[in-house]
Number of protein chains: 2
Amino acid sequence: MDLTHTEENYIKVIHHLSNGGQQLVSTNSLANYLGTSPAAITDMIQRLHQKGLIIYQKYQGVNIAAPGTAKAMQILRRHRLWEVFLVKKLKFTWDEVQEVAEELEHVQSDLLIRRLDDYLDHPSYSPHGEPIPDIHGEIKTQAQIVLSQLEIGSTGTLVAVKDDSAPFLQYLNKKNIYLGAVVKVLEKNSFDQSMEISIDGSIGITISPKASDNLLIIC
Amino acid sequence: MDLTHTEENYIKVIHHLSNGGQQLVSTNSLANYLGTSPAAITDMIQRLHQKGLIIYQKYQGVNIAAPGTAKAMQILRRHRLWEVFLVKKLKFTWDEVQEVAEELEHVQSDLLIRRLDDYLDHPSYSPHGEPIPDIHGEIKTQAQIVLSQLEIGSTGTLVAVKDDSAPFLQYLNKKNIYLGAVVKVLEKNSFDQSMEISIDGSIGITISPKASDNLLIIC
DNA sequence: TAATATATTTAAGTTAGCCTAAATTTGTTT
DNA sequence: AAACAAATTTAGGCTAACTTAAATATATTA
């Protein structure tokens, strides 16, 4: 089923605000999130319910339905692949990608997304560390842990940051720490919780506990 | 001024059908080209005239105005850069690009287009051999002639096709004839107007007059 | 539990972009 | 030049996606 850009956005937001279907989403929270009037929300959710993409009962809020989830996964896949493209190939910074990816995600062409995926070597994570659904809409869920919990001698792949404020990102930049890097814990200093790590085989880098608590890795 | 996707499409088509402003375009020809009713055309051209993008007099047809030309150049630039990307990077074939580029050209981000242009090394021609306007909307014009007029022993660079129907593009594909190639005329058979040519120094390839009349080259 | 506040829906209206049918202008032919 | 044909515009309507204002349902609290 083909949706309009707006319908796709609603589906994406309902999927997000319902935590993937775990909770009901109120009309007001949608209106608030999307910056439209509650009346506009009611209008649209009635249409999406009609189409079977969401579950809706008058005055009771909405939830995403199975076909809606599939659609949401497709949109997330497109969005995150474009983000990878923008950052890896076009040298966008993390904070520049959102707006453009928001538009690119609505370009309708399965062939395009398949080729883009090939071109990018089938990435599993966006530059923000969000998992990229595969072509079937499946997300490979791998438990993420904070770097500070990794044991000495163990390695993991850096996939996300908890704090994506500019100062922290600049700090990471300066220390040559980037997403996708293989991190190895060389040492832990128990008296101040600082860590010595190597990034993709580099020599030891010292990072503070504040940093290691905000870096997410998979093993 | 920001235009809707539809308005951008109208501007593009009016620019095209007016030959860049050289002739008036009738309501009917627009309706025909766009596959909509003449009434819808009248609707839209009144709006575009209001915005100063086209020149319009009731019952007299329209022409592109200077601001419309600037907009058309911007759209053509986006379209053709995306075409280069799709073909060069994503391995699309000539006949696969049109539809997707048609969507991508409407993504609004000057930064995106600037970065894409950098990434592609500032190409001057699309895969169909159409010139790509620069960031100021200027087109570097070089006289194009049809291959059939090239003399024996002369060479030229293939930059465009007159006929870009799928069958013709597939024919070219099969004969290993591609845009950007250096073409040399080896022989001309006067009885059937067929030609022997070499492509980037290849051995002789025989092409029909129908083909050589539809291949545009610069010398 | 009744009164009140909040959330949600309905009603009526708007704009973009289309449609068909009717009216009007322009072009062509005799 | 009048009559007809073709092209164009106007009029009235439709859907998607919004708006504000009014009505109604739900939640809260005295």
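**Close-up views of a protein pair and a DNA strand**

**View 1. Chain B meets chain A.** Chain B and chain A bury about 1,700 Å² between them, 69% of it from carbon and sulfur atoms; buried area is the accessible area (1.4 Å probe) that two parts lose on being put together, summed over both. On the chain B side, Leu90(B), Arg115(B) and Tyr119(B) lose the most area to chain A, together 30% of what that side buries. Each chain brings 21 residues to the contact (heavy atoms within 4.5 Å). This is a predicted model, where local features need pLDDT of at least 70, side-chain atom pairs count only at pLDDT 80 or more, and totals for chains, interfaces and linings use all residues. Residues are numbered from 1 along each chain as its sequence is written, chains are lettered from A in the order in which they are written, and side-chain values use heavy atoms, without hydrogens and water.

**View 2. A salt bridge across the interface.** Here Arg115(B) pairs with Glu96(A), their closest N and O atoms being 3.4 Å apart. The interface has two salt bridges (a side-chain nitrogen of Lys or Arg within 4 Å of a carboxyl oxygen of Asp or Glu).

**View 3. Protein around DNA strand C.** Look for the 24 residues that surround DNA strand C, with Asn28(A), Tyr56(A), Thr4(B), Ser37(B) and Arg47(B) the closest. Of the strand's atoms within 4 Å of the protein, 85% belong to sugar or phosphate and the rest to bases.

**View 4. Reaching the phosphates.** A polar side-chain atom of Arg47(B) lies 2.2 Å from a phosphate oxygen of DNA strand C, and one of Ser37(B) lies 2.7 Å from a phosphate oxygen. From chain A, Tyr59(A) has a polar backbone atom 2.8 Å from a phosphate oxygen.

Notes. Near = heavy atom within 4 Å. Polar contact = N/O pair within 3.5 Å; in protein donor to acceptor, adjacent residues only side chain to side chain.
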